[in-house]
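Visitor: I would like a close look at a single part of this protein, the open sheet and the elements around it. Please take me through that part slowly, and set it in the context of the whole chain.

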Amino acid sequence: MMIYFQEGKLVLENYITRRTFQGTVDTLLLLTGFGRWKTVGQAMKTLRDYTHESILSSVRDLLSRGLLIAENSEEDRLSRTLSSKWIWPNASRYYHFATKLDEPFSTPNEIKRYFDKHLKGKTQPPIYKNYLRRSKIRLLSGSGMEAPLFETLRRRRTTRVFSGGSISLRQLSRIMYYTWGRLSTYQTKEFGRLLHKASPSAGARHPIESYTVVNSVKSVDPGIYHYSVRDHSLELLKAGDFREKCVDFAAGQAWAKNASVFIIMTAIVARTAWKYRIPRVYRAFLLDVGHLSQSFLLVSTALGLGAFCIGVISDSTIEKELEIDGVNEIALFAVGVGQPVSEK
(Lines give C-alpha, C1' and ligand atoms only; values in the text may rest on other atoms or scores of the structure.)
Protein backbone atom coordinates (compact mmCIF):
# COMPACT_ATOMS: atom_id res chain seq x y z
CA MET A 1 0.00 0.00 0.00
CA MET A 2 1.11 3.55 -0.75
CA ILE A 3 -0.26 6.52 1.21
CA TYR A 4 0.09 10.08 -0.07
CA PHE A 5 -1.58 13.46 -0.32
CA GLN A 6 -3.20 14.46 -3.61
CA GLU A 7 -4.87 17.85 -4.02
CA GLY A 8 -5.11 18.18 -0.27
CA LYS A 9 -6.75 14.78 0.23
CA LEU A 10 -5.29 11.68 1.90
CA VAL A 11 -5.15 8.85 -0.64
CA LEU A 12 -4.49 5.18 0.10
CA GLU A 13 -3.57 3.06 -2.92
CA ASN A 14 -3.34 -0.70 -3.23
CA TYR A 15 -0.80 -0.82 -6.04
CA ILE A 16 -1.45 -4.50 -6.78
CA THR A 17 -5.13 -3.96 -7.58
CA ARG A 18 -4.54 -0.33 -8.68
CA ARG A 19 -7.50 0.82 -6.60
CA THR A 20 -7.46 4.00 -4.51
CA PHE A 21 -9.41 5.08 -1.47
CA GLN A 22 -9.80 8.52 0.08
CA GLY A 23 -9.13 8.19 3.81
CA THR A 24 -8.81 10.13 7.03
CA VAL A 25 -6.69 10.00 10.17
CA ASP A 26 -9.24 7.52 11.55
CA THR A 27 -8.56 5.25 8.54
CA LEU A 28 -4.85 5.22 9.35
CA LEU A 29 -5.51 4.47 13.01
CA LEU A 30 -7.76 1.58 12.06
CA LEU A 31 -5.17 0.17 9.64
CA THR A 32 -2.49 0.48 12.33
CA GLY A 33 -4.64 -1.79 14.48
CA PHE A 34 -4.22 -4.49 11.83
CA GLY A 35 -0.43 -4.29 11.47
CA ARG A 36 -0.46 -8.02 12.30
CA TRP A 37 -3.06 -10.70 11.72
CA LYS A 38 -6.01 -10.11 14.04
CA THR A 39 -9.64 -10.98 14.27
CA VAL A 40 -12.08 -8.08 14.33
CA GLY A 41 -12.76 -8.91 17.97
CA GLN A 42 -9.07 -8.62 18.86
CA ALA A 43 -8.82 -5.29 17.04
CA MET A 44 -11.80 -3.92 18.92
CA LYS A 45 -9.93 -4.37 22.21
CA THR A 46 -7.18 -2.02 21.03
CA LEU A 47 -9.50 0.53 19.41
CA ARG A 48 -11.50 1.47 22.49
CA ASP A 49 -12.40 4.97 21.27
CA TYR A 50 -14.65 3.60 18.52
CA THR A 51 -17.93 1.69 18.66
CA HIS A 52 -18.05 -1.96 17.64
CA GLU A 53 -20.50 -1.10 14.87
CA SER A 54 -18.24 1.59 13.35
CA ILE A 55 -15.19 -0.70 13.49
CA LEU A 56 -17.05 -3.59 11.87
CA SER A 57 -18.44 -1.33 9.14
CA SER A 58 -15.02 0.18 8.44
CA VAL A 59 -13.31 -3.22 8.32
CA ARG A 60 -15.85 -4.45 5.77
CA ASP A 61 -15.30 -1.32 3.69
CA LEU A 62 -11.50 -1.64 3.81
CA LEU A 63 -11.70 -5.32 2.91
CA SER A 64 -13.89 -4.58 -0.11
CA ARG A 65 -11.40 -1.95 -1.30
CA GLY A 66 -8.36 -4.20 -0.87
CA LEU A 67 -6.74 -2.12 1.89
CA LEU A 68 -7.19 -4.95 4.37
CA ILE A 69 -6.86 -8.59 3.33
CA ALA A 70 -8.18 -11.77 4.89
CA GLU A 71 -5.75 -14.45 6.00
CA ASN A 72 -5.38 -17.35 3.53
CA SER A 73 -7.31 -15.44 0.85
CA GLU A 74 -6.09 -15.15 -2.74
CA GLU A 75 -4.88 -11.62 -1.92
CA ASP A 76 -2.92 -12.99 1.05
CA ARG A 77 -1.24 -15.65 -1.07
CA LEU A 78 -0.32 -13.05 -3.68
CA SER A 79 1.06 -10.73 -1.01
CA ARG A 80 3.20 -13.49 0.51
CA THR A 81 4.56 -14.48 -2.91
CA LEU A 82 5.37 -10.86 -3.69
CA SER A 83 7.19 -10.41 -0.39
CA SER A 84 9.30 -13.52 -0.90
CA LYS A 85 10.14 -13.00 -4.60
CA TRP A 86 10.34 -9.22 -4.95
CA ILE A 87 12.97 -8.73 -2.27
CA TRP A 88 13.56 -5.11 -3.30
CA PRO A 89 11.93 -2.29 -1.28
CA ASN A 90 8.57 -0.81 -2.27
CA ALA A 91 9.81 1.63 -4.93
CA SER A 92 10.27 -0.99 -7.66
CA ARG A 93 7.10 -2.86 -6.69
CA TYR A 94 5.01 0.28 -6.83
CA TYR A 95 6.36 1.37 -10.21
CA HIS A 96 5.76 -2.00 -11.86
CA PHE A 97 2.33 -2.86 -10.53
CA ALA A 98 0.87 0.65 -10.50
CA THR A 99 1.65 1.11 -14.21
CA LYS A 100 0.16 -2.16 -15.47
CA LEU A 101 -2.67 -2.04 -18.02
CA ASP A 102 -5.81 -4.15 -17.83
CA GLU A 103 -8.03 -2.55 -20.46
CA PRO A 104 -7.49 -1.50 -24.11
CA PHE A 105 -5.53 1.73 -24.20
CA SER A 106 -4.45 2.28 -27.79
CA THR A 107 -7.58 1.64 -29.84
CA PRO A 108 -8.13 4.19 -32.66
CA ASN A 109 -10.89 5.89 -30.64
CA GLU A 110 -8.75 6.06 -27.49
CA ILE A 111 -5.82 7.51 -29.42
CA LYS A 112 -8.03 10.17 -31.05
CA ARG A 113 -9.59 11.16 -27.73
CA TYR A 114 -6.17 11.42 -26.13
CA PHE A 115 -4.81 13.50 -29.01
CA ASP A 116 -7.78 15.87 -29.01
CA LYS A 117 -7.64 16.34 -25.25
CA HIS A 118 -3.91 16.60 -24.59
CA LEU A 119 -1.98 17.26 -27.82
CA LYS A 120 -4.06 19.00 -30.45
CA GLY A 121 -2.91 22.58 -30.97
CA LYS A 122 -0.27 22.32 -28.22
CA THR A 123 3.34 23.45 -28.75
CA GLN A 124 5.81 20.56 -28.67
CA PRO A 125 9.10 20.70 -26.77
CA PRO A 126 12.14 21.32 -29.05
CA ILE A 127 13.67 18.18 -30.55
CA TYR A 128 17.25 19.50 -30.23
CA LYS A 129 19.35 20.77 -27.37
CA ASN A 130 22.30 23.05 -28.17
CA TYR A 131 24.86 25.14 -26.31
CA LEU A 132 24.81 28.08 -28.70
CA ARG A 133 27.66 30.05 -27.14
CA ARG A 134 30.15 27.19 -26.90
CA SER A 135 32.82 26.32 -29.44
CA LYS A 136 32.16 23.32 -31.68
CA ILE A 137 34.17 20.63 -33.42
CA ARG A 138 32.46 19.44 -36.59
CA LEU A 139 32.37 15.63 -36.79
CA LEU A 140 32.65 13.66 -40.01
CA SER A 141 29.45 12.45 -41.60
CA GLY A 142 29.07 8.88 -42.83
CA SER A 143 30.14 8.57 -46.45
CA GLY A 144 32.00 6.32 -48.84
CA MET A 145 32.56 2.65 -47.99
CA GLU A 146 30.85 1.61 -44.76
CA ALA A 147 30.45 -1.58 -42.80
CA PRO A 148 27.20 -3.47 -43.56
CA LEU A 149 25.96 -2.73 -40.04
CA PHE A 150 25.92 0.99 -40.80
CA GLU A 151 23.67 0.47 -43.81
CA THR A 152 21.32 -1.65 -41.69
CA LEU A 153 21.14 1.14 -39.12
CA ARG A 154 20.23 3.60 -41.86
CA ARG A 155 17.47 1.36 -43.23
CA ARG A 156 15.81 0.61 -39.89
CA ARG A 157 12.26 1.92 -39.71
CA THR A 158 9.24 1.15 -37.57
CA THR A 159 6.80 -0.83 -39.74
CA ARG A 160 3.10 -1.00 -38.96
CA VAL A 161 1.74 -1.88 -42.40
CA PHE A 162 2.43 -5.38 -43.68
CA SER A 163 1.69 -7.11 -46.98
CA GLY A 164 0.25 -10.19 -45.29
CA GLY A 165 2.90 -12.47 -46.75
CA SER A 166 4.61 -15.14 -44.68
CA ILE A 167 8.17 -15.10 -43.47
CA SER A 168 10.31 -18.20 -43.74
CA LEU A 169 11.34 -20.54 -40.95
CA ARG A 170 14.97 -19.65 -41.72
CA GLN A 171 14.23 -15.95 -41.22
CA LEU A 172 12.44 -16.61 -37.94
CA SER A 173 15.28 -18.87 -36.80
CA ARG A 174 17.86 -16.16 -37.40
CA ILE A 175 15.74 -13.54 -35.64
CA MET A 176 15.33 -15.70 -32.56
CA TYR A 177 18.98 -16.77 -32.47
CA TYR A 178 20.55 -13.34 -32.88
CA THR A 179 18.07 -11.66 -30.52
CA TRP A 180 17.44 -14.13 -27.69
CA GLY A 181 19.65 -17.08 -28.56
CA ARG A 182 22.72 -18.44 -26.79
CA LEU A 183 25.75 -17.55 -28.86
CA SER A 184 28.07 -19.24 -26.38
CA THR A 185 28.70 -19.72 -22.66
CA TYR A 186 31.66 -18.87 -20.48
CA GLN A 187 32.87 -20.02 -17.08
CA THR A 188 33.22 -17.62 -14.12
CA LYS A 189 34.72 -18.25 -10.73
CA GLU A 190 31.94 -16.68 -8.67
CA PHE A 191 28.79 -17.47 -10.67
CA GLY A 192 29.54 -20.59 -12.65
CA ARG A 193 28.70 -20.84 -16.33
CA LEU A 194 26.96 -17.80 -17.82
CA LEU A 195 25.26 -17.06 -21.13
CA HIS A 196 26.72 -14.95 -23.90
CA LYS A 197 24.07 -13.37 -26.14
CA ALA A 198 24.18 -10.70 -28.85
CA SER A 199 22.70 -8.16 -26.41
CA PRO A 200 24.11 -7.24 -22.99
CA SER A 201 22.30 -7.97 -19.74
CA ALA A 202 22.91 -6.53 -16.27
CA GLY A 203 25.24 -8.90 -14.42
CA ALA A 204 24.84 -11.43 -17.26
CA ARG A 205 21.59 -12.52 -15.59
CA HIS A 206 19.55 -12.58 -18.84
CA PRO A 207 16.12 -12.61 -17.14
CA ILE A 208 14.14 -12.06 -20.34
CA GLU A 209 12.02 -14.86 -21.83
CA SER A 210 10.28 -14.66 -25.20
CA TYR A 211 6.90 -16.03 -26.29
CA THR A 212 6.35 -16.20 -30.03
CA VAL A 213 2.87 -15.86 -31.49
CA VAL A 214 3.18 -17.39 -34.95
CA ASN A 215 0.59 -15.99 -37.36
CA SER A 216 2.18 -16.64 -40.75
CA VAL A 217 5.46 -18.54 -40.96
CA LYS A 218 6.13 -21.11 -43.67
CA SER A 219 6.26 -24.68 -42.35
CA VAL A 220 5.21 -23.61 -38.82
CA ASP A 221 1.64 -24.06 -37.56
CA PRO A 222 -0.01 -20.97 -36.04
CA GLY A 223 0.03 -20.83 -32.27
CA ILE A 224 1.80 -19.53 -29.19
CA TYR A 225 5.30 -20.88 -28.61
CA HIS A 226 7.95 -20.41 -25.95
CA TYR A 227 11.49 -19.95 -27.22
CA SER A 228 13.90 -22.38 -25.57
CA VAL A 229 17.33 -20.76 -25.27
CA ARG A 230 18.83 -24.08 -24.18
CA ASP A 231 18.24 -25.89 -27.46
CA HIS A 232 17.19 -23.09 -29.85
CA SER A 233 13.67 -24.35 -30.43
CA LEU A 234 10.05 -23.24 -30.26
CA GLU A 235 7.98 -25.10 -27.67
CA LEU A 236 4.28 -25.20 -28.55
CA LEU A 237 2.07 -23.93 -25.72
CA LYS A 238 -1.21 -23.33 -27.55
CA ALA A 239 -2.17 -24.15 -31.14
CA GLY A 240 -4.54 -22.00 -33.16
CA ASP A 241 -5.11 -18.61 -34.73
CA PHE A 242 -4.19 -15.83 -32.27
CA ARG A 243 -4.23 -12.84 -34.64
CA GLU A 244 -7.09 -11.10 -32.88
CA LYS A 245 -5.50 -11.90 -29.53
CA CYS A 246 -2.42 -9.98 -30.67
CA VAL A 247 -4.61 -6.87 -30.73
CA ASP A 248 -5.58 -7.54 -27.12
CA PHE A 249 -1.92 -8.13 -26.19
CA ALA A 250 -1.08 -4.77 -27.79
CA ALA A 251 -3.75 -2.97 -25.73
CA GLY A 252 -6.01 -2.41 -28.72
CA GLN A 253 -3.48 -1.55 -31.45
CA ALA A 254 -5.28 -3.22 -34.38
CA TRP A 255 -2.34 -3.35 -36.79
CA ALA A 256 -0.51 -5.80 -34.48
CA LYS A 257 -2.57 -8.70 -35.86
CA ASN A 258 -1.06 -8.28 -39.33
CA ALA A 259 2.47 -9.18 -38.22
CA SER A 260 3.71 -12.60 -39.31
CA VAL A 261 5.11 -13.04 -35.81
CA PHE A 262 4.27 -11.19 -32.59
CA ILE A 263 6.73 -11.75 -29.74
CA ILE A 264 6.09 -11.02 -26.07
CA MET A 265 8.98 -10.48 -23.68
CA THR A 266 8.69 -11.33 -19.99
CA ALA A 267 11.18 -11.32 -17.12
CA ILE A 268 11.94 -14.08 -14.62
CA VAL A 269 12.28 -11.90 -11.52
CA ALA A 270 14.37 -14.33 -9.47
CA ARG A 271 17.24 -14.42 -11.96
CA THR A 272 18.06 -10.78 -11.31
CA ALA A 273 16.75 -10.49 -7.75
CA TRP A 274 19.06 -13.31 -6.66
CA LYS A 275 22.10 -11.16 -7.36
CA TYR A 276 20.91 -7.59 -6.88
CA ARG A 277 19.02 -6.41 -3.79
CA ILE A 278 18.42 -2.69 -4.47
CA PRO A 279 15.24 -1.25 -6.06
CA ARG A 280 17.16 0.49 -8.84
CA VAL A 281 17.89 -2.86 -10.43
CA TYR A 282 14.28 -3.00 -11.66
CA ARG A 283 15.55 -0.64 -14.34
CA ALA A 284 17.74 -3.50 -15.55
CA PHE A 285 14.64 -5.34 -16.80
CA LEU A 286 13.66 -2.32 -18.88
CA LEU A 287 17.20 -1.82 -20.16
CA ASP A 288 17.42 -5.49 -21.12
CA VAL A 289 14.24 -5.42 -23.21
CA GLY A 290 15.52 -2.21 -24.82
CA HIS A 291 18.80 -3.87 -25.82
CA LEU A 292 16.97 -6.94 -27.11
CA SER A 293 14.45 -4.88 -29.06
CA GLN A 294 17.16 -3.00 -30.92
CA SER A 295 18.88 -6.27 -31.79
CA PHE A 296 15.52 -7.62 -32.99
CA LEU A 297 14.86 -4.56 -35.15
CA LEU A 298 18.32 -4.63 -36.73
CA VAL A 299 18.28 -8.36 -37.45
CA SER A 300 14.80 -8.07 -38.98
CA THR A 301 15.94 -5.11 -41.10
CA ALA A 302 19.05 -7.00 -42.27
CA LEU A 303 16.75 -9.82 -43.42
CA GLY A 304 14.67 -7.41 -45.50
CA LEU A 305 11.67 -7.54 -43.15
CA GLY A 306 9.60 -4.87 -41.43
CA ALA A 307 9.50 -4.75 -37.65
CA PHE A 308 8.09 -2.79 -34.72
CA CYS A 309 8.24 -2.67 -30.94
CA ILE A 310 5.41 -1.89 -28.49
CA GLY A 311 5.72 -0.60 -24.94
CA VAL A 312 1.98 -0.25 -24.38
CA ILE A 313 0.78 -3.79 -23.73
CA SER A 314 -2.06 -5.30 -21.74
CA ASP A 315 -0.17 -6.95 -18.90
CA SER A 316 -3.15 -8.76 -17.41
CA THR A 317 -4.31 -10.18 -20.75
CA ILE A 318 -0.82 -11.49 -21.48
CA GLU A 319 -0.37 -12.99 -18.01
CA LYS A 320 -3.69 -14.82 -18.29
CA GLU A 321 -3.02 -16.17 -21.79
CA LEU A 322 0.54 -17.28 -21.00
CA GLU A 323 -0.51 -18.59 -17.58
CA ILE A 324 2.17 -16.63 -15.72
CA ASP A 325 1.44 -15.16 -12.30
CA GLY A 326 2.67 -11.60 -12.82
CA VAL A 327 4.90 -11.82 -9.75
CA ASN A 328 7.51 -14.52 -10.40
CA GLU A 329 7.32 -13.80 -14.12
CA ILE A 330 6.17 -10.43 -15.45
CA ALA A 331 5.16 -9.13 -18.89
CA LEU A 332 7.28 -6.20 -20.07
CA PHE A 333 7.36 -5.52 -23.81
CA ALA A 334 6.42 -6.79 -27.26
CA VAL A 335 7.86 -6.75 -30.77
CA GLY A 336 6.66 -7.95 -34.14
CA VAL A 337 7.90 -8.69 -37.66
CA GLY A 338 6.47 -9.36 -41.09
CA GLN A 339 6.71 -8.73 -44.81
CA PRO A 340 6.57 -4.96 -45.42
CA VAL A 341 4.48 -3.45 -48.17
CA SER A 342 6.73 -2.93 -51.21
CA GLU A 343 7.65 0.66 -51.96
CA LYS A 344 6.64 1.78 -55.46
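Guide: The protein chain holds 12 helices and 11 strands, and the model shown here is a predicted one. Its C-alpha trace spans about 85 × 55 × 45 Å along the principal axes, and of its 344 residues 39% count as buried. The chain exposes about 21100 Å², of which carbon and sulfur atoms supply 53%. Among contacts between residues at least 6 apart in sequence, 68% join residues at least 24 apart.

Turning to the part you asked about, 6 strands make up an open sheet, in the order β8-β7-β6-β9-β11-β10, and their pairing is antiparallel. The edges are taken by β8 (233-239) and β10 (306-310), each of which has a single partner strand, so one side of each is left without a neighbour in the sheet. On average, neighbouring strands of this sheet are turned by 25° against each other, direction ignored.

At the β10 edge, 5 bridges join β10 to strand β11 (residues 329-338), and the two strands run antiparallel. Within this pairing, cysteine 309 has valine 335 in β11 as its bridge partner.

Two loops that lead to strands of the sheet each contain a residue with an unusual sign of phi to look at. In the loop between α12 (315-322) and β11 lies glutamate 323, whose phi is near 60°, a positive value in a residue other than glycine. Glutamate 323 is exposed, its relative accessible area being 65%, where the cut-off for exposed is over 50%. In the loop between α9 (243-249) and β9 (261-268) lies alanine 251, which also is a residue other than glycine with a positive phi, here near 55°. Alanine 251, however, counts as buried, with a relative accessibility of 1%, the cut-off for buried being under 20%.

A helix contact can be added to this picture. The axes of helix α7 (residues 148-155) and helix α11 (residues 282-302) come within 9 Å and cross at roughly 100°, and the two helices are therefore roughly perpendicular to each other. From α7, the residues Leu149, Thr152, Leu153 and Arg155 meet Gln294, Leu298, Thr301 and Ala302 of α11. Sorted by character, the residues of this contact divide into 4 nonpolar, 3 polar and 1 charged.

Technical notes: Residues are numbered from 1 along each chain as its sequence is written. This is a predicted model: local features need pLDDT of at least 70, side-chain atom pairs count only at pLDDT 80 or more; totals for chains, interfaces and linings use all residues. Side-chain values use heavy atoms; hydrogens and water are left out. Axes are lines fitted to C-alpha atoms, for helices over the stretch in contact, and angles run from 0 to 180 degrees between N-to-C directions. Helices (H or I, at least four residues) and strands (E, at least two) are DSSP runs, numbered from the N terminus. Angles under 35 degrees count as roughly parallel, over 145 as roughly antiparallel, 65 to 115 as roughly perpendicular and the rest as oblique. Contact means heavy atoms within 4.5 Å. Ala, Val, Leu, Ile, Met, Phe, Trp, Tyr, Cys and Pro count as nonpolar, Asp, Glu, Lys and Arg as charged, and the others, Gly among them, as polar. Two strands pair if DSSP finds at least two bridges between them. Buried means under 20% relative accessible area, exposed over 50%, partly exposed in between (1.4 Å probe, protein chains only). Accessible areas come from the Shrake-Rupley method with a 1.4 Å probe; for residues, only the protein chains shown count as cover.
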